[in-house]
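Biologist: Could you walk me through how to read a protein-DNA model like this one? I'd like the general idea each time, then the case at hand.

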Number of protein chains: 2
Amino acid sequence: MALEHAILVSLLEQPGSGYELARRFDRSIGRFWTATHQQIYRVLRRMETDGWVAVEAVAQDARPDKKVYSVAAPGRSALGAWLREPVEPETVRHELAVKIRAAAFEDPGELIPEVERHRESHAALLARYLTGEQRDFPDPSALDAQQQLQHVVLRGGIEYERMTLAWLDDVLATLHRLHRHTD
Amino acid sequence: MALEHAILVSLLEQPGSGYELARRFDRSIGRFWTATHQQIYRVLRRMETDGWVAVEAVAQDARPDKKVYSVAAPGRSALGAWLREPVEPETVRHELAVKIRAAAFEDPGELIPEVERHRESHAALLARYLTGEQRDFPDPSALDAQQQLQHVVLRGGIEYERMTLAWLDDVLATLHRLHRHTD
DNA sequence: CCCCGCATGTAACACGTTACATGATTCG
DNA sequence: CGAATCATGTAACGTGTTACATGCGGGG
């Protein structure tokens, strides 16, 4: 229900092709919404049928043609309507948490390398966010509304990664403690 | 791919019926994995066919009969195998973040009540977690392995809610600032 | 008497994932 | 010459959501 809206936001920020959208969903938007190119092409076709987006075929030299999508008036008002209706607080899906509780029925020490892998991947993501923040928002006092809102979402990602890193350290300490006791 | 495993963990912690599992997924397990009863019944039937769980029909007086499921040996080894294979760090889906970026194209002030609603719901969840922590883990030095692992997962939930509350305050401050400037 | 809780299910549909397919150009 | 990037797509499958269905017992 929200992939359409994420696409509308992305196209309002900057029109682009399905391929370009897929790349954005691997980067900035992927922080809070993921989608593969197959999904994006499918939804774009539906949005085009519904008149939410307009398409323009663009020929390129030395590259395949592309279809550049932009938001049409009905899409824009659909976004406004969605903004005004409440969404439910997200349901979290945390596979690692399932594993941690599962570890009680196996050797908890076995989970340590897996948790360390996650820790590294979250540390890398935090580093990328911080670099991106420096690059895109060097002077927080000189941002327009759109950038301020992008920035506050990015700060959410940064705080999420910091919190997760601290929690994974807590998890690792717990696993190490249990590991020693079963030696 | 992981609903099976979440069910296995829940049944290892305590055997129960599909209905009871659905209620647990609304409470403790719902912190990191959600499922409706329809999904649970469907997956339980498959797990029974695969020999992962054993069923015992239990007649109750003044209540409908129920099927109590417990983990069989093949289910237990499937859980062990899953624990040993790596899972990818979760993909976050944060609808509110989409809305915040969408607010740049409408009146940002309109989003304030929605964000406040989310703030209240996260505050209520945090309060529930803290109460549950007091009740279930009053003396952290006297916990067995299973409880320590449940506790560290709960601490993750608590820290997540704290971080989210702080971030939503940041979001609200940003929206208020933008609102004043468009007066 | 009606609604709520217990308990299990079917059916249809929406959404997401994986695999496969095509074809051009650029870079090492 | 092979791999990577650009660009769009089909097909099959698996997972998740919504609506509907059934039936008993207890409480207001």
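Modeller: Sure. A residue is near a strand if one of its heavy atoms lies within 4 Å of it. Keep in mind that this is a predicted model.

Biologist: With that cut-off, how many residues are around DNA strand C, and which come nearest?

Modeller: There are 22 residues around DNA strand C, and the nearest are Gln39(A), Arg42(A), Gln60(B), Lys67(B) and Arg93(B). Looking from the DNA side, 59% of the strand C atoms that come within 4 Å of the protein are sugar and phosphate.

Biologist: Which elements supply at least two residues each of the surface near DNA strand C?

Modeller: α3 of chain A does, and so do α2 (18-26), α3 and β2 (66-71) of chain B.

Biologist: And what do the side chains of Gln60(B), Lys67(B) and Arg93(B) reach on that strand?

Modeller: For polar contacts, look for N or O atoms within 3.5 Å of each other. Gln60(B) has a side-chain N or O atom 2.4 Å from a phosphate oxygen of DNA strand C. For Arg93(B), the distance from a side-chain N or O atom to a phosphate oxygen of strand C is 2.4 Å, while a polar side-chain atom of Lys67(B) is 2.6 Å from a phosphate oxygen there.

Biologist: Now the other strand. How many residues surround DNA strand D, and which are the closest?

Modeller: 23 residues surround DNA strand D, with Gln60(A), Lys67(A), Arg93(A), Gln39(B) and Arg42(B) the closest. Of the strand D atoms within 4 Å of the protein, 59% belong to sugar or phosphate, and the rest are in bases. The elements giving at least two residues each to this surface are α2, α3 and β2 of chain A plus α3 (37-49) of chain B.

Biologist: Base or phosphate: what do His37(A), Gln60(A) and Gln38(B) reach?

Modeller: A polar side-chain atom of His37(A) is 3.2 Å from a base oxygen of strand D, and one of Gln38(B) is 3.0 Å from a base nitrogen. Gln60(A) goes to the backbone instead, with a polar side-chain atom 2.4 Å from a phosphate oxygen of strand D.

Biologist: Let's leave the DNA. How many aromatic pairs does the structure hold over all chains?

Modeller: One. The ring centres of Tyr160(A) and Tyr160(B) are 6.1 Å apart and the planes meet at 85°, so the pair is edge-to-face. The pair crosses between chains, linking helix α7 (residues 145-181) of chain A to helix α7 (residues 145-181) of chain B. Both tyrosines, Tyr160(A) and Tyr160(B), are buried.

Biologist: Rings can also sit beneath charges, right? Which ring does the charged end of Lys99(A) sit over?

Modeller: Lys99(A) has its charged end over the ring of Trp82(B), 5.3 Å from the centre. There's also Arg93(B), which lies over the face of Trp33(A) at 4.7 Å from the ring centre.

Biologist: Last one: why is helix α1 of chain A largely enclosed by the rest of the structure?

Modeller: Buried means under 20% relative accessible area. Ten of the eleven residues in helix α1 (residues 3-13) of chain A are buried, so the rest of the structure largely encloses this helix. The buried residues include Leu3(A), Ile7(A) and Leu11(A). In chain A, the buried residues of α1 pack against α2 (18-26), α3 (37-49), β1 (53-58), β2 (66-71) and α4 (73-84), and chain B adds α5 (95-102).

Definitions and conventions
Residues numbered from 1 in each chain as written. Chains lettered and ligands numbered in written order. Predicted model: local features only at pLDDT ≥ 70, side-chain atom pairs only at ≥ 80, totals over all residues. Heavy atoms only, no water. Buried < 20%, exposed > 50% of the residue type's maximum accessible area, 1.4 Å probe, protein only. Helix = DSSP H or I, 4+ residues; strand = E, 2+ residues; numbered from the N terminus. Contact = heavy atoms within 4.5 Å. Phe/Tyr/Trp six-rings, centres within 6.5 Å; stacked < 30°, edge-to-face > 60°. Lys NZ or Arg CZ within 6 Å of the ring centre and 35° of its normal. Polar contact = N/O pair within 3.5 Å; in protein donor to acceptor, adjacent residues only side chain to side chain.
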